[in-house]
Structure formats: structure tokens, C-alpha cells
Amino acid sequence: MSAYHVADATGMIKLDAMENPYSLPESLLSEWAERVKSVDINRYPDPGAEQLKQVMRDQLRLPQNTGLILGNGSDEIIQMLAMAFGGAGRSFMSMEPTFVMYRMIAAMNGLEYINVELNTDDFSFDMEKTIQLIEKHQPAVVFIANPNNPTGNIHSMDELRKIAAVCPGVLIIDEAYAPFTDMTAEPLLEEFSNVLIMRTVSKMGLAGLRLGYLIGDEQWIAELDKVRLPYNINVLTQAAAIFALENRGIFDDQARLLRRDREAMLTSLSENPHVHAWPSEANFILFKIVDSKLSATEVFESLKSQGVLIKNLSNGHSALQNCLRVTVGTTEENACFLEALNSIL
Ligand SMILES: *Cc1c(COP(=O)(O)O)cnc(C)c1O
């Protein structure tokens with residue numbers, strides 16, 4: 001293995017990590033500072049983060065009668081799943097290309113990792129193969145990112161239902177990009193007790209807080225709570241997240257703007273004959289360099305030398321050869337990126 005590498009973005013237009021480019025208005029920042037000032041940093045946090053959880057239930061309109069557990073980012077929740085479901089002969093499964101942490105956390109915790117390839121043209125499920133491999137390997141945990149990262153597409157409720165019906169363990173539907181799509185698998189929580197939904201506040205605009213959550217059947221959540229380290233959500237995160245969620249309208253407005261700009265960016269990308277861009281339900285767009293003397297890596301380096309950092313995916317999964325991923329930034333940042341790209345290609 002190698003340690004998770006994060007590119008240095010000092011002084012760059014940073015469109016590599018699906019961060020919301022907007023911050024809070026000045027007026028709210030001072031109110032936020034007041035709130036954070038009153039936090040007792042000499043005391044341990046509320047171990048169950050009960051007040052924060054109540055605010056999340058209300059502000060994020062979580063379904064009634066469902067369990068809720070918080071993690072230091074959803075990455076920590078994936079780690080809790082590995083600890084709770086791991087052991088001899090246990091495996092994680094996912095459909096690739098997808099979020100790399102499912103595979104990495106499986107490896108770190110000694111679980112086997114089963115991969116099913118997505119169809120290469122549109123990244124949809126190969127349903128027959130998926131069901132066949134679930135039945136063969138009996139994975140303890142199946143992960144589906146919906147919308148998927150780094151491809152941006154969504155899978156339908158019918159497809160998710162078919163997979164849930166054959167999962168012998170739990171099915172985790174990772175809705176990290178929920179703010180940017182109308183799709184949610186929430187209705188499945190009532191149909192299947194082994195379906196859990198994972199989300200995060202990272203992509204909505206609070207990536208620095210490190211706060212992810214998992215909802216679903218209370219009994220599963222109670223089992224996972226046994227492997228959660230006490231105080232995993234620090235006092236500053238609890239206070240800041242409560243304040244942010246009480247003002248969640250601001251984040252909804254920002255998400256609406258990012259969704260609009262995503263469509264504009266897709267249109268612009270599609271006008272370049274050397275680019276094949278896929279539609280996206282998330283705050284990023286996957287695109288491939290086609291019919292060009294330049295490789296994706298050369299385009300990536302050239303953008304970087306012009307001060308624009310995106311993500312080069314061409315050294316990863318084979319289905320992503322010559323592919324790059326750009327996060328939707330501010331309207332101005334997107335214009336800079338497009339201008340630089342069009343000057344290169
Ligand atoms: C970004 C991302 C996450 C990680 O979220 P954190 O809460 O910041 O750890 C989880 N799942 C997917 C699919 C992501 O793209």
C-alpha cells in the first residue's frame with residue numbers, strides 16, 4: 001500500500017476534491033465565531049453528540065424511526081463497518097470504478113475486497129454479473145456510491161432494490177453527493193432492514209469539519225456503535241455543525257448554484273471536439289481526452305502549469321484511461337478552467 005496522497009494546491013484554482021468553493025457570508029461568520037468561542041475545549045465532547053444529532057434529524061429531515069450514527073467523516077464510518085463486519089472470510093464488495101476508500105479500508109483491515117466492473121460506456125451496473133458475484137462471494141458489506149464517484153452517474157431505485165434483495169449482509173448506499181441530485185434511496189430503508197444510507201456534510205460545504213453519518217435500522221446502528229471510539233466528533237465540530245445546519249438554507253442555495261453551473265460546464269465541455277464529457281448528478285464532471293495528440297496526463301500538467309488543479313484519473317482504473325475529473329467551482333473558477341482547457345486542446 002501507499003499512504004493517501006493529497007496534491008499541494010497552494011495558490012491554485014482548486015478543482016480536484018469536490019469541495020464547495022463558497023464560504024459563509026461575513027455576517028454569519030461572526031455569529032459562528034461567537035458560538036465557537038463559548039465551547040468548553042477543556043472538556044470532553046458529548047460522547048453521543050445528542051444535540052447535534054437532533055439538529056441533523058430536524059434540519060436534514062431524516063426519516064423517523066431510523067438509527068443515526070456519526071463518524072469523523074464518512075471515511076471513519078467505512079472504517080467502523082470494516083471493524084464491525086470484519087473477520088476471517090469476510091469481504092467488502094463494490095462496483096468499480098468507484099470511491100477508492102472502500103477498497104483501501106478493506107485492505108487496511110484484512111477484509112477481502114470483491115470488485116464487479118461497471119459497464120464501460122455509461123458506468124451502469126452489469127446486473128447479471130453483480131448478482132452472480134454477490135451470490136458466489138457472499139460479501140458482508142456491499143457499497144454503492146449513488147451518485148458514483150468519479151463517474152457522476154446514478155443507479156435507479158429498481159436496480160438498487162434488485163441488489164438489496166440478494167445482499168446477504170448489509171448494503172451501504174453512499175449518498176455523499178446528495179445535495180446535487182434529487183435521487184435518494186431513502187424509500188428502501190422501509191423495505192429492507194439491511195439497507196443503510198451513508199452521507200456526509202463534506203460536499204455540501206463543510207469538508208473541514210469532518211462529519212459523516214449513517215442512517216438505517218436501529219439494531220445495525222447499535223452494533224456499529226460498539227466499535228465507535230468515544231468522542232469521535234470533537235467539540236468544535238459539534239458546535240460548528242449545529243450552527244451551520246441551523247443556517248442550512250445558505251448551503252441549499254449554494255448547491256442550487258453549483259447544479260446550474262455544472263450543467264453550463266457540461267455544455268461547454270461538450271463543445272470541445274477533443275473532450276468526451278459524461279453527464280453528472282454530482283458536483284464534478286468526468287471527461288475523457290479524445291482525438292488529440294495530447295494525453296490526459298499532459299492536459300492535466302498543462303492545466304496545472306496555468307494554475308488550475310483538477311484530478312488526473314488516467315493512472316487508476318482501466319476504464320478511466322485518458323480521463324480527468326473536474327470539480328464544479330465558482331462561476332469565475334469554472335470560466336478560468338474552461339479557458340485554460342480550450343487553449344490547450
Ligand atoms: C468524498 C466522498 C466521501 C468522503 O466523505 P467524508 O465525509 O469527507 O469522509 C464518501 N463517499 C464518496 C463516494 C465520496 O466521494
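Modeller: A salt bridge is counted when a side-chain nitrogen of Lys or Arg lies within 4 Å of a carboxyl oxygen of Asp or Glu. This is a predicted model, in which local features need pLDDT of at least 70 and side-chain atom pairs count only at pLDDT 80 or more, while totals for chains, interfaces and linings use all residues. Residues are numbered from 1 along each chain as its sequence is written, and side-chain values use heavy atoms, with hydrogens and water left out.

Biologist: How many salt bridges does a search of the whole structure find?

Modeller: The search gives 18 salt bridges, and one pair to look at is R199 with E186, whose side chains meet at 2.8 Å, N to O. R199 belongs to strand β7 (residues 195-200) and E186 to the loop between β6 (170-174) and α7 (187-191), so the pair ties together parts that are 13 residues apart in sequence. Helices (H or I, at least four residues) and strands (E, at least two) are DSSP runs, numbered from the N terminus.

Biologist: Which residues are closest to the ligand?

Modeller: A residue is near a molecule if one of its heavy atoms lies within 4 Å of it. Here 14 residues surround the ligand, and the closest are D174, Y177, T200, S202 and K203. A polar side-chain atom of Y177 lies 2.6 Å from an oxygen atom of the ligand, and for S202 the distance from a polar side-chain atom to a ligand oxygen is 2.6 Å. The protein covers 94% of the 390 Å² of accessible area that the ligand has on its own, with areas taken from the Shrake-Rupley method with a 1.4 Å probe.

Biologist: By class, what does the shell around the ligand have?

Modeller: Ala, Val, Leu, Ile, Met, Phe, Trp, Tyr, Cys and Pro count as nonpolar, Asp, Glu, Lys and Arg as charged, and the others, Gly among them, as polar. On that scheme the shell has five nonpolar, five polar and four charged residues.

Biologist: Where are the cis peptide bonds that involve P97 and P147?

Modeller: The bond joining E96 and P97 is cis, with omega about 5 degrees, and P97 is placed in the loop between β3 (91-96) and α4 (100-108). The peptide bond from N146 to P147 is also cis, with omega near 0 degrees, and P147 lies in the loop between β5 (141-145) and α6 (157-166).

Biologist: What is the phi of R61?

Modeller: R61 has a positive phi of about 45 degrees although it is not a glycine, and R61 lies in the loop between α2 (50-59) and β2 (67-71).

Note on methods
Polar contact = N/O pair within 3.5 Å; in protein donor to acceptor, adjacent residues only side chain to side chain.
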